[in-house]
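Subject: Handover of a structure and summary of findings

Dear colleague,

Please find below the structure that I am handing over to you. My findings follow it.

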Amino acid sequence: MKSILFVCLGNICRSPMAEGILRFKTDAQGLKIKIDSAGTESIHVGENPDPRATQTAKEHGVDISRLVARQINRNDFDAFDLILVAEAHVYNEVIRISRHESDKKKVDFIMNLIHPDSNKAVPDPYYGGMDGFEKVYDMLDKVCDAIIVKVEKK
Ligand code: 4NP
């Protein structure tokens, strides 16, 4: 079984949306993938996703309302095959807590799934309006389609 961890800063906007979208798609196709999300920061630990993220996902038929924010920890390198990060700051933080080379090899940028080696960011929608959340949803939706194609090929 494949296992994927999505990581952003707070685990209340981008990574829970990615988790919800991918779970929705894999459930629909009967694919067995372990999916989770986490943040590099502790500030929102224990919170449900930002209401704007929940609303945006709901409009696409995806329920993320019951997800709960947590902080990434070193055990995640053992628990997941692939750790997909939202942006460079998050990448640097995940690499900082990694223990050895095989941990580092598991880490990649979310957007590299559709724009290989670009290291593009999924823009942080937290300080903007609903349009930013919709844009992020659209990016993550495309990434999750690409993940499914990859998993199906294996
Ligand atoms: P996320 O968004 O990393 O996509 O969950 C953010 C959530 C909270 C903050 C920043 C980004 N914050 O500064 O509290």
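Is Cys144 buried or exposed? In this predicted model, Cys144 is buried, as its relative accessible area is 1%. I return to the cysteines below, after an overview of the chain.

Overall architecture

The protein contains 6 helices and 4 strands. Along the sequence, these elements are arranged in the pattern β-α-β-α-α-β-α-α-β-α. The radius of gyration is 14 Å, close to the 15 Å given by the globule rule for 154 residues, so the protein is as compact as a globular protein of that length. Taken along the principal axes, the C-alpha atoms fill a box of roughly 40 × 35 × 30 Å.

Of the 154 residues, 48% are buried. Among contacts between residues at least 6 apart in sequence, 72% join residues that are at least 24 apart. The accessible surface amounts to about 7700 Å², and carbon and sulfur atoms account for 51% of that surface. With regard to charge, the protein has 22 positive and 24 negative charges, and their mean positions lie 5 Å apart.

Cysteines

The structure holds 0 disulfides. For Cys144, the closest cysteine sulfur is that of Cys8, and the distance of 13 Å is too far for a bond. Cys8 in turn has its closest cysteine sulfur in Cys13, at 6.9 Å, which is also too far for a bond. Cys8 is buried, with a relative accessible area of 2%.

Strand S1 and the loop after it

Ser3 belongs to strand S1, which covers residues 2–8. This serine is buried, at a relative accessible area of 6%. Beyond its neighbours within four places in sequence, Ser3 is in contact with Ile33, Lys34, Ala79, Phe80, Asp81 and Leu82.

Asn11 follows in the loop between S1 and helix H1 (14–29). Its phi angle is near 60 degrees, a positive value in a residue other than glycine. Asn11 counts as buried, at 3% relative accessibility.

A second asparagine with a positive phi is Asn119, where the angle is near 55 degrees. Asn119 sits in the loop between S4 and H6. At 42% relative accessibility, Asn119 counts as partly exposed.

Helix H4 and its surroundings

Which residues of helix H4 (residues 88–97) are buried? They are Val90, Glu93, Val94, Ile95 and Ile97. In general, an α-helix has 3.6 residues a turn, so residues three or four places apart point the same way. The cover over the buried residues of H4 includes S1, H3, strand S3 (82–85), helix H5 (101–104) and strand S4 (107–109).

Three of the buried H4 residues, namely Val90, Glu93 and Val94, recur among the contacts of Thr40. Thr40 lies in the loop between strand S2 (33–39) and H2, and it counts as buried at 6% relative accessibility. Leaving aside neighbours within four places in sequence, the other residues in contact with Thr40 are Val7, Cys8, Leu9, Gln71 and Ile72. Thr40 and Pro123, which are 83 residues apart in sequence, are 16 Å apart in space from C-alpha to C-alpha.

Ile97 of H4 is also met from another side of the sequence, by Arg74. Arg74 occupies the loop between helix H2 (51–59) and helix H3 (76–79). Apart from neighbours within four places in sequence, Arg74 is in contact with Ile97 and Arg99. The C-alpha atoms of Arg74 and Ser98 are separated by 6.6 Å, although these residues are 24 residues apart along the chain. Arg74 is partly exposed, with a relative accessible area of 44%.

Helix H6

Asp141 is located in helix H6, which covers residues 130–153. Its relative accessible area of 22% makes Asp141 partly exposed. Not counting residues up to four places away in sequence, Asp141 touches Ile21 and Lys25. The C-alpha atoms of Asp141 and Leu22 are separated by 7.9 Å, while the two residues are 119 residues apart along the chain.

With kind regards

Terms used:
Residues are numbered from 1 along each chain as its sequence is written. This is a predicted model: local features need pLDDT of at least 70, side-chain atom pairs count only at pLDDT 80 or more; totals for chains, interfaces and linings use all residues. Side-chain values use heavy atoms; hydrogens and water are left out. Helices (H or I, at least four residues) and strands (E, at least two) are DSSP runs, numbered from the N terminus. Buried means under 20% relative accessible area, exposed over 50%, partly exposed in between (1.4 Å probe, protein chains only). Contact means heavy atoms within 4.5 Å. The radius of gyration is taken over C-alpha atoms; the globule rule is 2.2 Å times the number of residues to the power 0.38. Accessible areas come from the Shrake-Rupley method with a 1.4 Å probe; for residues, only the protein chains shown count as cover. Lys and Arg count as positive and Asp and Glu as negative; His and the chain ends are not counted. The place of a charge is taken as NZ of Lys, CZ of Arg, CG of Asp or CD of Glu. A disulfide is a pair of cysteine sulfur atoms within 2.5 Å.
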